[in-house]
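I am opening a notebook page for a structure that is new to me. I want to record what I looked up, entry by entry, for a reader who is starting from the same place.

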Amino acid sequence: MTVSGSCHCGAVQFEAAYAPTDINDCQCSHCQKRGVLWAYYSPRDVSVTGSFSTYSWGVKRTRFHFCTVCGCTTHWTAADPKRDRMAINTRLLPPEAVAAAVVRQSPGPR
Ligand SMILES: [Zn+2]
């Protein structure tokens, strides 16, 4: 079952191939300020449409994307295109899409 989310204004939309089962409440300095809850996917399993901006920090392995209109953080993608990993911000999914997922904390990105 696919799950769909969007930023607050709706300018950025995403769809994942299946509902998340495991959500990371990342404790790194950036994610704490953003208030995001990540679910990880292969980029093959997620589609994103709309106009977003990108922020990278530190060693810049990860590109954080946010809506250019309302500012919601929507997803991140890997700077290395060979890395088979990305994440969506599950705060932007409807509650029923994450109801069965387990939320864990990690000290940093995983
Ligand atoms: Zn928006």
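**Entry 1: the zinc site.** I began with C7, which is buried, with a relative accessible area of 3%. I note at once that I am working with a predicted model. I then looked at C9, which is partly exposed because its relative accessible area is 40%, a value that falls between the 20% limit for buried and the 50% limit for exposed. Which protein atoms are the donors of the zinc ion? I found the SG atoms of C7, C9, C67 and C70, lying 2.3 to 2.4 Å from the ion. Along the chain these donors follow the spacing C-x1-C-x57-C-x2-C. I also looked up the angles that the four donor atoms subtend around the zinc ion, and they run from 106 to 114°, so the arrangement is tetrahedral.

**Entry 2: the hairpins on either side of strand 7.** I followed strand 7, residues 62–67, to strand 6, residues 52–55, and found that the two pair in the antiparallel sense over four bridges. Within this pairing, T54 stands opposite H65 of strand 7. The hairpin has six residues between its strands, and G58 there takes a positive phi near 60°. K60 lies in the loop between strand 6 and strand 7, and I found that K60 has a positive phi of about 60° although it is not a glycine. I wrote a reminder beside this entry that most residues other than glycine have a negative phi. K60 counts as partly exposed, since its relative accessibility is 49% and the limit for exposed is over 50%.

Turning to the next hairpin, I saw that strand 7 also pairs with strand 8, residues 73–78, in the antiparallel sense and over five bridges. Here the bridge partner of H65 is H75 in strand 8. Five residues lie between the strands of this hairpin, and G71 takes a positive phi near 90°.

**Entry 3: from strand 8 to strand 9 and strand 4.** I continued from H75, whose bridge partner in strand 9 is I88. Strand 8 and strand 9 pair in the antiparallel sense over three bridges. Strand 9 is joined to strand 4 by four bridges, and these two strands run antiparallel as well. In that pairing Y40 stands opposite A87 of strand 9. Are the faces of strand 9 covered or open? I found both covered, with M86 and I88 buried on one side and A87 and N89 buried on the other.

I also checked Y40 against D22, and the two are 18 residues apart in sequence and 8.1 Å apart in space, C-alpha to C-alpha. D22 has its place in strand 3, residues 22–26, and counts as partly exposed at 27% relative accessibility.

**Entry 4: the open sheet.** I next looked up three strands that form an open sheet in the order 1-2-5, with antiparallel pairing. Its edge strands are strand 1 (3–6) and strand 5 (46–49), each of which pairs on one side only. Neighbouring strands of this sheet are turned by 15° against each other on average, with direction ignored. Strand 2, residues 13–16, pairs with strand 5 over four bridges in the antiparallel sense, and A16 has V46 of strand 5 as its bridge partner.

**Entry 5: the nonpolar cores.** How many residues does the largest nonpolar core have? I found eleven, including V3, F14, A16, V46, M86, I88 and A97. Strand 2, strand 4 (38–41) and strand 9 (86–89) are the elements that give two or more residues to this core. Another core, of nine residues, lies apart from it, and among its members are C26, V36, F64 and W76. In soluble globular proteins, nonpolar side chains tend to be buried together. Returning to A97, I listed its contacts beyond four places in sequence, which are V3, A19 and P20.

**Entry 6: T90.** My last lookup was T90, in the loop between strand 9 and helix 2 (95–98). Although T90 sits in a loop, it is buried, with a relative accessible area of 5%. Leaving aside neighbours within four places in sequence, T90 is in contact with P20, I23, L37, W38, A39 and V98.

Note on methods. Residues are numbered from 1 along each chain as its sequence is written. This is a predicted model: local features need pLDDT of at least 70, side-chain atom pairs count only at pLDDT 80 or more; totals for chains, interfaces and linings use all residues. Side-chain values use heavy atoms; hydrogens and water are left out. Two strands pair if DSSP finds at least two bridges between them. Donors are N, O and S atoms within 2.8 Å of the metal (3.2 Å for Na, K and Ca); water is not among the atoms, so sites may look incomplete. Four donors count as tetrahedral if all angles lie between 85 and 135 degrees; four count as square planar and six as octahedral if opposite donors are over 155 degrees apart and all others between 65 and 115; anything else is irregular. Buried means under 20% relative accessible area, exposed over 50%, partly exposed in between (1.4 Å probe, protein chains only). Axes are lines fitted to C-alpha atoms, for helices over the stretch in contact, and angles run from 0 to 180 degrees between N-to-C directions. A nonpolar core is a set of buried Ala, Val, Leu, Ile, Met, Phe, Trp, Tyr and Cys residues joined through side-chain atoms within 4.5 Å. Contact means heavy atoms within 4.5 Å.
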